[in-house]
Amino acid sequence: MKTIAMQCLACAAMLTCGAASQAQSSVQVYGLVDVGLAYNKQPGKEAVTGVENGNMTTSYFGVKGKEDLGGGLSTVFALESYFRADTGSNGRFDGDGFWTRSSYVGLQGSLGSVRLGRNTVPLFISTLLFNPFGDSFGFSPSIRHYFTSGTVTGDSGWSDSITYISPDLGGLTVNLIGAAGEGNGGPNVGGSLLYMKGPLGLTAVYQRVKKGAAIADTKTWQLGSSYDFGVVKLFAQYGQVKNVSVQPDAEYKLTDIGAAIPVGGGKILAAYGLLDPAVGAKRETFSLGYDYNLSKRTDVYAVLMRDELETLSAGRSFAVGIRHRF
């Protein structure tokens, strides 16, 4: 009986230790699905009508976790994958990697966090924070002008990278990133100062892309601001991109303004962007929409956009869709 009692006590101790270990760790599965009906005519191209994925936010799923190591230090990780909900295909496009949204592991403590793997660049984060359409590749003029118009190179996330995110310093955070060349040009470097406190938001960003033999070397800087008056939130961005892989250097100036106006259970969204190259055609994009919240996790939207590129027939797009976060 004594032996059996001791064995029971040992098992209880093991279970207690296991429960404590589990209490110090957490793993979360999450994601977003965005699908809509759209009429899409890009400048100079024929119109396409159909079901489209990710007009307001690119659909994705992910798993992330955190383990408390004690003394205020934790291990953090995330694996996030884009997918196309309209076809069931993985990635943003054919040939896209599986975990291209992010895939990292790192340490987090009182001095900030350090993450190694594939990390989102500060330029993309600042661009989406300081425009009313967020990270919409379909309808945000600033996202389209910076990341899909042949200006900035290097994608919205960098592989083989290390990033540092400072703790909140009275509303100010410092974000730094570097991507090793690993025999393929490079390295890439970037960073931002991001101030978010009360109704005011400010950012200053710089990045230098050199990695990739088939990718143009570019230098980019950007300033952004926002202010929430309650009845309307205003946004503004100004930036410049220089492509140093061509002679003479190709230079682009990017100006974006926008507003989000609370109405009913949603917001009216409006944004204008001008892409002004030193040589070549200007691009002007205007988007207007309404985003209505059905719940904390689900919203429906309707957006129209006019996209003008000099010398080409104007682009015109319209979409109604639904987003769900899980």
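Strands are DSSP runs of at least two residues, labelled E and numbered from the N terminus; helices are DSSP runs of at least four residues, labelled H. On that basis, the chain of this predicted model has three helices and 18 strands. E1, strand E14 (250-263), E16 and E18 each supply at least two residues of a nonpolar surface patch, and the structure also holds 13 salt bridges. The points below take up the chain as a whole, the pairing of its strands, the patch, selected salt bridges and two loop residues.

**The chain as a whole**

- The protein chain has 326 residues, of which 41% count as buried.
- Along the principal axes, the C-alpha atoms fill a box of roughly 90 × 45 × 40 Å.
- The accessible surface of the chain comes to about 16400 Å², and 63% of this surface belongs to carbon and sulfur atoms.
- When contacts between residues at least 6 apart in sequence are considered, 50% of them join residues at least 24 apart.

**Strand pairing around E18**

- Strand E18 (residues 315-325) runs antiparallel to strand E1 (residues 25-41), and ten bridges join the two.
- Within this pairing, Tyr39 has Phe318 in E18 as its bridge partner.
- Strand E18 is also joined to E17 by ten bridges, and these two strands likewise run antiparallel.
- Here Val300 stands opposite Ile322 of E18.
- E17 and E18 form a hairpin with five residues between them.
- In the turn of that hairpin, Thr311 has a positive phi of about 80°.

**The nonpolar surface patch**

- The patch covers about 860 Å², and its members are Leu37, Tyr39, Val51, Ile261, Val263, Ile268, Phe286, Leu288, Leu304, Phe318 and Val320.
- Tyr39 and Phe318, both members of the patch, are the bridge partners noted above.
- One of the patch residues, Ile268, has its place in strand E15 (residues 266-277).
- Ile268 is partly exposed, because its relative accessible area is 32% and partly exposed residues lie between the 20% and 50% limits.

**Salt bridges**

- Side chains of opposite charge can pair when their charged atoms come close.
- Asp94 and Arg84 form a salt bridge in which the closest N and O atoms are 3.2 Å apart. This pair links distant parts of the chain: Asp94 is in the loop between strand E5 (89-90) and strand E6 (102-109), while Arg84 is in strand E4 (residues 73-84), ten residues apart.
- The two partners differ in burial: Asp94 is exposed at a relative accessible area of 67%, whereas Arg84 is buried at 16%.
- Asp155 forms a salt bridge with Arg92, with 3.0 Å between the closest N and O atoms. Asp155 is in the loop between helix H3 (141-147) and strand E8 (157-165) and Arg92 is in the loop between E5 and E6, so that distant parts of the chain, 63 residues apart, are linked.
- Asp155 is partly exposed, with a relative accessible area of 32%.
- Arg92 and Asp155 belong to a network of salt bridges that also links Asp96 and Arg118.
- Arg283 and Asp307 form a salt bridge whose closest N and O atoms are 2.6 Å apart. Because Arg283 lies in strand E16 (residues 283-293) and Asp307 in strand E17 (residues 298-309), the pair ties together parts that are 24 residues apart in sequence.
- Both partners of this bridge are buried: Arg283 has a relative accessible area of 11%, and Asp307 has 1%.

**Two loop residues**

- Ser149 is found in the loop between H3 and E8.
- Ser149 counts as buried because its relative accessibility is 19% and the limit is under 20%.
- A polar atom of the Ser149 side chain lies 2.8 Å from the backbone oxygen of Arg144.
- Apart from its neighbours within four places in sequence, Ser149 is in contact with Arg144, Leu275 and Arg283; Arg283 is the salt-bridge partner of Asp307.
- Gly71 has its place in the loop between strand E3 (60-70) and E4.
- Gly71 is exposed, as its relative accessible area is 94%.
- Gly71 and Ser156 are 85 residues apart in sequence, and their C-alpha atoms are 34 Å apart in space.

Key: Residues numbered from 1 in each chain as written. Predicted model: local features only at pLDDT ≥ 70, side-chain atom pairs only at ≥ 80, totals over all residues. Heavy atoms only, no water. Salt bridge = Lys/Arg side-chain N within 4 Å of Asp/Glu carboxyl O. Buried < 20%, exposed > 50% of the residue type's maximum accessible area, 1.4 Å probe, protein only. Pairing = 2+ DSSP bridges. Polar contact = N/O pair within 3.5 Å; in protein donor to acceptor, adjacent residues only side chain to side chain. Contact = heavy atoms within 4.5 Å. Patch = residues over 30% accessible without salt bridge, like charges linked within 9 Å, V, L, I, M, F, W, Y side chains within 5 Å. Areas by Shrake-Rupley, 256 points an atom, 1.4 Å probe, with all protein chains shown as cover.
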